[in-house]
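Q: Please take a close look at a single part of this structure and at the salt bridges that go with it. I am new to the structure, so plain wording is welcome.

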Amino acid sequence: MRPDVEAMKADIEQSVALLRRRLDWDVALRKLDELNARVEAPTLWDKPEQAQAVSRERSQLEAKINTVKAMEQDLEDGVMLAEMADEEGDEGALEDARASLRGIKDRAARAELEALLSGEADGNDAYLEVNSGAGGTESNDWAGMLLRMYSRWAKAHDYEVTIEAYEEGEQAGVKSATILISGPNAYGWLKSESGVHRLVRISPYDAAAKRHTSFASIGVSPVVDDAIEIDINPSDVRTDTYRASGAGGQHINKTDSAVRLTHIPTNTVVACQAGRSQHQNREQAWKMLRARLYELELQKREAVAQALADAKTDIGWGHQIRSYVLQPYQMVKDLRTEVETSDTHGVLDGDLDAFMGAALAQRVGETRGSSTD
């Protein structure tokens, strides 16, 4: 077997072994059998909420087990193809085998990181909110670029993206927007993206072609299902209705269908305009508010609430988590993990896995390399 193929095989086998240990393989298989038996029980749906929780747990565990099994089978097939191609001197087939093994290696690396997503809400869908900082058109345009970046990241991972609220900038971009990102582990991957993002570039809106610095903030909160109880006193919430603007359906700018909720004790504000009626928007806004308040509780448990609150209250210097420099050089650098890359185009086009992976690993006390170049 060629040395490079042997090395990839060893790396994948190591990753698979790690995934088996983290799953506690034999225990996981027994647990899946138990969950399958519970799902098949005719009385399970007598209690719908419990049934949903059991079904969700079964689906998540089954997906993890199937991921490992698929990698093991694909590895066996890839190595067999490489050995046959090597024996026959077929360089084309050998390169195909290498490409297959590289793909398996990438999948294994992502699966390793996903195995770290053990928080109680990590598997949930996520709301991602972007707000422009001071600076008018420049910051609004930057907020719009971030909204596009996260939307493209989500779609590249087969997540569904739904616009829940959208306030256009006066000349370009957005002042604020909230999107719902739906898919496995959406919140687990995105939660480390909360904070202030800084852009340095030659402004397309400056006739003198001067360099400008812009700021925008990202906030991420998990979609809270019925299994998680969030107590909200209705008297603590102020409700405002207004005419929706920007991206939306046929009712945009025609009726006061958009809904804004303000939780007075925490000064938490959410808005929704995606629905076709005020009733639909009100219902969705309450889900968003529950998600935001739950995220605040998670922050308190992790003892980082104050740092994140500081970042949200001052969208500017000294609070950024990541810098995106387009001029006078090309560099995106995360200021928490030191991960950096010169592929600014790729990052702004949604290639964020290296940054998310490093932040996730750091969050659980592991380390990763400092460069993605």
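A: The part chosen here is helix α1, and the cover over its buried residues includes α2 (25–40), α3 (48–88) and α4 (91–114). The model is predicted: local features need pLDDT of at least 70, side-chain atom pairs count only at pLDDT 80 or more, and totals for chains, interfaces and linings use all residues. Residues are numbered from 1 along each chain as its sequence is written, and side-chain values use heavy atoms, with hydrogens and water left out.

Helices (H or I, at least four residues) and strands (E, at least two) are DSSP runs, numbered from the N terminus. Helix α1 covers residues 3–23, which is 21 residues, and spans 30 Å from its first C-alpha to its last, close to the 30 Å expected at 1.5 Å a residue. That expected span is 1.5 Å times one less than the number of residues. After α1 comes D24, with a positive phi near 55 degrees.

Buried means under 20% relative accessible area, exposed over 50%, and partly exposed in between (1.4 Å probe, protein chains only). Along α1, the buried residues are V5, M8, K9, I12, S15, V16, L18, L19 and L23. D11 counts as partly exposed because its relative accessibility is 31%.

A salt bridge is a side-chain nitrogen of Lys or Arg within 4 Å of a carboxyl oxygen of Asp or Glu. The whole structure holds 25 of them. In one, D11 pairs with K105, with the closest N and O atoms 3.2 Å apart. D11 lies in α1 and K105 in helix α4, so this pair ties together parts 94 residues apart in sequence. K105, at 35% relative accessibility, is partly exposed.

Another pair is D74 with R107, whose closest N and O atoms are 3.0 Å apart. D74 is in helix α3 and R107 in helix α4, 33 residues apart, so the pair links distant parts of the chain.

Away from the helix, D122 and K191 meet through their side chains in a salt bridge of 2.8 Å, N to O. D122 sits in the loop between α4 and β1 (126–132), and K191 in the loop between α6 and β4, 69 residues apart. Both D122 and K191 are buried. Salt bridges that share partners also join D4, E95, R98 and R102 into one network. With contact taken as heavy atoms within 4.5 Å, and neighbours within four places in sequence left aside, K191 touches D122, V220 and R363.
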